[in-house]
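This report describes one protein chain, from single residues up to the packing of its helices. Please look at the sequence and the structure below before reading on.

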Amino acid sequence: MRLWVYNVFVMILAVKKKDKFLEKNFESKVTSSETMTLLLNAKKPPSLPRATPSPRPLVPARSIGMVEEAAARGVEGGSPSEGHEEAPLSAHLSLALLSLAPGRALPLLPAPPSPAGRRKMPNIKIFSGSSHPDLAQRVVDRLGIDLGKVVTKKFSNLETCVEIGESVRGEDVYIVQSGCGEINDNLMEMLIMINACKIASAARVTAVIPCFPYARQDKKDKSRAPISAKLVANMLSVAGADHIITMDLHASQIQGFFDIPVDNLYAEPAVLKWIRENIPEWGNSIIVSPDAGGAKRVTSIADRLNVEFALIHKERKKANEVASMVLVGDVKDRIAILVDDMADTCGTICHAAEKLMEAGATKVYAILTHGIFSGPAVTRINNACFEAVVVTNTIPQEQHMKESNKIQVFVALL
């Protein structure tokens, strides 16, 4: 068998060399003047002697079957565009040998992709900003990788300085920074980190922003009011972010402020799990939204729990101050569960809790995605009639939990 394959290769090389020799002789013998004479006289060009092709070797039927079988194994994988590997070189060789057998046609094989078309999947690098290092550590622990090395500091004039401590060339970089604490400094720090990774030739930079900054300034509700959420979106895009991951945006239309992909995660699955595991009589509960904007959120949760929902309509005279509240729904002799996306000074949820108790609710819980708790928030919670105020881990709560035993944290992000 090996001798037969060797003879075939020798024959192919001999035929190629002979064809090149004939082409060279034809070009040298037929000059341009002779060609013009032939055209004018309408005569056929002189025929050149052709070598008699050597007969094809006889291939035993058993060998043909073996080659066909090897070729079929190579073709069965399909084309690279279908998600399969390209046909191996042995399959191409087998089909080439098979085509030399009498009466056999050469099947078509997809061309193997060029080396330039193959792209190696970049590795993952996760860096943490100053706002929520505990969350970033939880993420890398879950993934089984190390947290990226980065140094953030301030100059004497309070300018932010960021130094990426390892190479990110060709890497898939994730920067975890929540919109909490000193929001303006943290936002600027995140923008500098994104830009530093981008100009260091990172393959892709994803900004993980559990609590999106300036999310409440998402519309022009009065004359000369800014749309600051749109401004933040523009800043992230210009800094070099390729992808945004956030959680429970205050308004879903903020996703439309970006020209890059935005993943808006929802805390609803974690909220449902907490209610079922921590409220024994949750079947007799009612889900309440403290404002009209959260009606869609509470109806979705109520449908999943197969319970009823209620709504509180509120009016504000100015920011962080509620003028009046009207309860829509029956909460008498039921456990009221207030659900909202965020609580800042907690004036709304504390007034809502009082309204629910006046309407006959037996217990009141508050479940929030983002517990900002600024100003007098913790004091108000301690003085309110809550059984518990439960928040996710999108914002650090260690200090708030020390100041109030009503504040609890459940993990919605890892």
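Ser128 lies in strand S1, which covers residues 124-128. The model shown here is a predicted one. With a relative accessible area of 9%, Ser128 is buried, because buried means under 20% relative accessible area. Setting aside residues up to four places away in sequence, Ser128 touches Pro133, Ala136, Leu147, Val150, Val176 and Met193.

**The chain as a whole**

The protein chain contains 12 helices and 14 strands. It has 414 residues, of which 40% count as buried. Of the contacts in the protein chain between residues at least 6 apart in sequence, 61% join residues at least 24 apart.

**Residues and their surroundings**

Several residues can be described in the way used for Ser128. One of them is Ser289, which is part of strand S8 (residues 285-289). Its relative accessibility is 0%, so Ser289 counts as buried. Apart from neighbours within four places in sequence, Ser289 is in contact with Gly294, Ala295, Val298, Ala310, Leu311, Ile312 and Val339.

Cys197 belongs to helix H6. Cys197 is buried, and its relative accessible area is 0%. Leaving out neighbours within four places in sequence, the contacts of Cys197 are Phe127, Ile164, Val168, Val173, Ile175, Ala202 and Val205. Glu171 is 26 residues away from Cys197 along the chain, and the C-alpha atoms of these two residues are separated by 9.4 Å.

Is Tyr266 buried or exposed? Tyr266 is exposed, with a relative accessible area of 52%, because the limit for exposed is over 50%. Tyr266 sits in the loop between strand S7 (262-265) and H8. Without its neighbours within four places in sequence, Tyr266 is in contact with Met247 and Asp248. Tyr266 and Ala412 are 146 residues apart in sequence, and their C-alpha atoms are 8.8 Å apart in space.

**Positive phi angles**

Most residues other than glycine have a negative phi. Two residues that are not glycine but have a positive phi are listed here.

| Residue | Phi | Place | Relative accessibility |
|---|---|---|---|
| Ser201 | about 70° | loop between H6 and strand S5 (204-209) | 34%, partly exposed |
| Asp333 | about 60° | loop between strand S10 (321-328) and strand S11 (335-343) | 49%, partly exposed |

A positive phi is also found at a glycine: Gly360, just after H10, takes a value of about 105°.

**Helix H10**

Helix H10 runs over residues 347-358 and has 12 residues. From its first C-alpha to its last, H10 reaches 17 Å, close to the 16 Å expected at 1.5 Å a residue. Which residues of H10 are buried? They are Gly347, Thr348, Ile349, Cys350, Ala352, Ala353 and Leu356. An α-helix has 3.6 residues a turn, so residues three or four places apart point the same way. With that in mind, Ile349, Ala352, Ala353 and Leu356 can be looked up among the buried residues of H10.

**Two helix pairs**

Helix H6 (residues 183-199) packs with helix H7 (residues 228-239); their axes come within 8 Å and cross at roughly 25°. H6 and H7 are therefore roughly parallel to each other, since angles under 35 degrees count as roughly parallel. On the H6 side, the residues that meet H7 are Leu187, Met190, Leu191, Ile194, Asn195 and Lys198. On the H7 side they are Val232, Met235, Leu236 and Ala239. Sorted by class, this contact has eight nonpolar, one polar and one charged residues.

The second pair is helix H8 (residues 268-278) and helix H9 (residues 295-305), which pack at an angle of about 50° with their axes 11 Å apart. That angle makes H8 oblique to H9. H8 passes H9 in a right-handed crossing. From H8, Glu268, Val271, Leu272, Ile275 and Arg276 take part in the contact, and they meet Ser300, Ile301, Arg304 and Leu305 of H9. The classes in this contact are five nonpolar, one polar and three charged residues.

Conventions: Residues numbered from 1 in each chain as written. Predicted model: local features only at pLDDT ≥ 70, side-chain atom pairs only at ≥ 80, totals over all residues. Heavy atoms only, no water. Helix = DSSP H or I, 4+ residues; strand = E, 2+ residues; numbered from the N terminus. Expected span 1.5 Å × (residues − 1). Buried < 20%, exposed > 50% of the residue type's maximum accessible area, 1.4 Å probe, protein only. Axes fitted to C-alpha atoms, helices over the stretch in contact; angles between N-to-C directions. Parallel < 35°, antiparallel > 145°, perpendicular 65-115°, else oblique. Left-handed = near helix turned anticlockwise from the far one by under 90°. Contact = heavy atoms within 4.5 Å. Nonpolar A, V, L, I, M, F, W, Y, C, P; charged D, E, K, R; others polar.
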